Amino acid sequence: MSQREIWTPIGLGAGVTLIAIAILLGGGLTGARGFISAASFITVFGGLTAALFVHYRPGEFKTAWLVLKKVFTPSDQMGYAQLLDTFVHLSQRARRDGLLSLEQEAEELDEPFIRKGVLLAVDGIESDMIKEIMTAEMEAEDQRYRRGLEIIEKAGEWAPAWGMVGTLIGLVLMLQSLNDPSSLGPQMALALITTFYGMVLANLVFHPLAGKLSNYLDAEIHRKQVMLEGIIAVQSGLNPMVLEEKMSAFLTREEREALNSSRENHHDVRFDIEGGRENAL
């Protein structure tokens, strides 16, 4: 599992667990039951959902769900080391056999963005036009995802407000029962629980998820800019060694060491096979 999908549920689970422990230490099981309120749940979740439906179109909720899944599902995207290897290979093939030889290679690529860019290069599109087309696609996709991210950010902004709405409802009901002092305490507690629900949702769920998704989208834009540079380099016939040095700047030291180690092992295996000496190295 990737770090992104591991730490999101761990963080959420840890937050809920610590809150539960604090409640149990403060009031035990009896006190903990007071934090469970169907009326407060309906007020906060129901009111927040209704407000979001008023503000956004149904199709935008689908985009929000798609972008939200990115913090819970494994990433199958190429890392920078894989991108470097891919573009070095494409550059070597293009310089040896010509750009037209990359058509079959492009069809087999798992990364749609690279596949489209390489196919544009194979079709003879100029580098400036390729950059314009791919940049427009990149920005359009980012804008769609940002719209979905906005829904999560709005939920974080509005959740405490709906908690306050529930609190006001509880206070009004409490004031209507002033002639019964025994009911004031429970009704005041019930009024405050809705604020508690709203604050927890905003500060443990919606705001942290929105921040993580924003970082993810920024990283994805950067990754696609790197891919675009690689596509242009292949299209312009850049020397593979120069291309490798250029793209190595995006690798961490650990990634460079792992990549070099992998290449050395691969070279040793090829040397053994070609020399017919299985145990020579």
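Leaving aside neighbours within four places in sequence, Met78 is in contact (heavy atoms within 4.5 Å) with Leu83, Thr86, Glu111, Ile114 and Arg223. Met78 itself sits in the loop between α3 and α4. At 15% relative accessibility, Met78 counts as buried; here buried means under 20% relative accessible area, exposed means over 50%, and partly exposed lies in between, with a 1.4 Å probe and protein chains only. Met78 and Asp110 are 32 residues apart in sequence, yet their C-alpha atoms are 8.7 Å apart in space.

A few words on what you are looking at. This is a predicted model, in which local features need pLDDT of at least 70 and side-chain atom pairs count only at pLDDT 80 or more, while totals for chains, interfaces and linings use all residues. Residues are numbered from 1 along each chain as its sequence is written, and side-chain values use heavy atoms, with hydrogens and water left out.

**The overall picture**

The protein has 10 helices and zero strands. Helices (H or I, at least four residues) and strands (E, at least two) are DSSP runs, numbered from the N terminus. Of the 281 residues in the protein, 35% are buried. Among contacts with a separation of 6 or more, 76% join residues 24 or more positions apart.

**Helix α4 and the largest core**

Helix α4 covers residues 80–97. Its expected span is 1.5 Å times one less than its number of residues. For 18 residues that gives 26 Å, and the end C-alpha atoms are 25 Å apart, which agrees. Buried residues of α4 include Leu83, Leu84, Phe87 and Leu90. After α4 comes Gly98, with a positive phi near 95°.

Which residues touch the most other members of the largest nonpolar core? They are Phe87, Leu90 and Ile114, in a core of 29 residues. A nonpolar core is a set of buried Ala, Val, Leu, Ile, Met, Phe, Trp, Tyr and Cys residues joined through side-chain atoms within 4.5 Å. Two or more residues of this core come from each of α4, α5 (102–107), α6 (112–122), α7 (127–175), α8 and α9. The largest share, seven residues, is given by α8. Ile114 touches Met78, Leu83, Phe87, Leu90, Leu109, Met227 and Ile231, not counting residues up to four places away in sequence. A second, separate core has 24 residues, among them Leu48, Tyr145, Ile193 and Leu217.

**Two helix pairs**

Two packed helices are described by the angle between their axes and the distance between the axes. Axes are lines fitted to C-alpha atoms, for helices over the stretch in contact, and angles run from 0 to 180 degrees between N-to-C directions.

Helix α8 (residues 184–235) packs with helix α9 (residues 240–248) at an angle of about 170°, and their axes are 11 Å apart. That makes the two helices roughly antiparallel, since angles under 35 degrees count as roughly parallel, over 145 as roughly antiparallel, 65 to 115 as roughly perpendicular and the rest as oblique. On the α8 side, Val226, Glu229, Gly230, Ala233 and Val234 meet Leu243, Lys246 and Met247 of α9. These residues divide into five nonpolar, one polar and two charged; Ala, Val, Leu, Ile, Met, Phe, Trp, Tyr, Cys and Pro count as nonpolar, Asp, Glu, Lys and Arg as charged, and the others, Gly among them, as polar.

The axes of helix α3 (residues 58–69) and α7 come within 8 Å and cross at roughly 90°, so α3 and α7 are roughly perpendicular to each other. Residues making this contact include Phe61, Val67 and Leu68 of α3, together with Tyr145, Leu149 and Ile152 of α7. The contact holds eight nonpolar, two polar and three charged residues.

**Three more positions to look at**

| Residue | Place | Relative accessibility | Class |
|---|---|---|---|
| Ser40 | helix α2 (residues 38–55) | 1% | buried |
| Val200 | helix α8 | 23% | partly exposed |
| Gly124 | loop between α6 and α7 | 52% | exposed |

Not counting residues up to four places away in sequence, Ser40 touches Leu190, Ile193, Thr194 and Tyr197. With that same exclusion, Val200 touches Ile19 and Val205. Val200 is also 9.7 Å from Gly156, C-alpha to C-alpha, with their positions 44 residues apart in sequence. For Gly124, the C-alpha atom is separated by 8.9 Å from that of Gln235, which is 111 residues apart along the chain.
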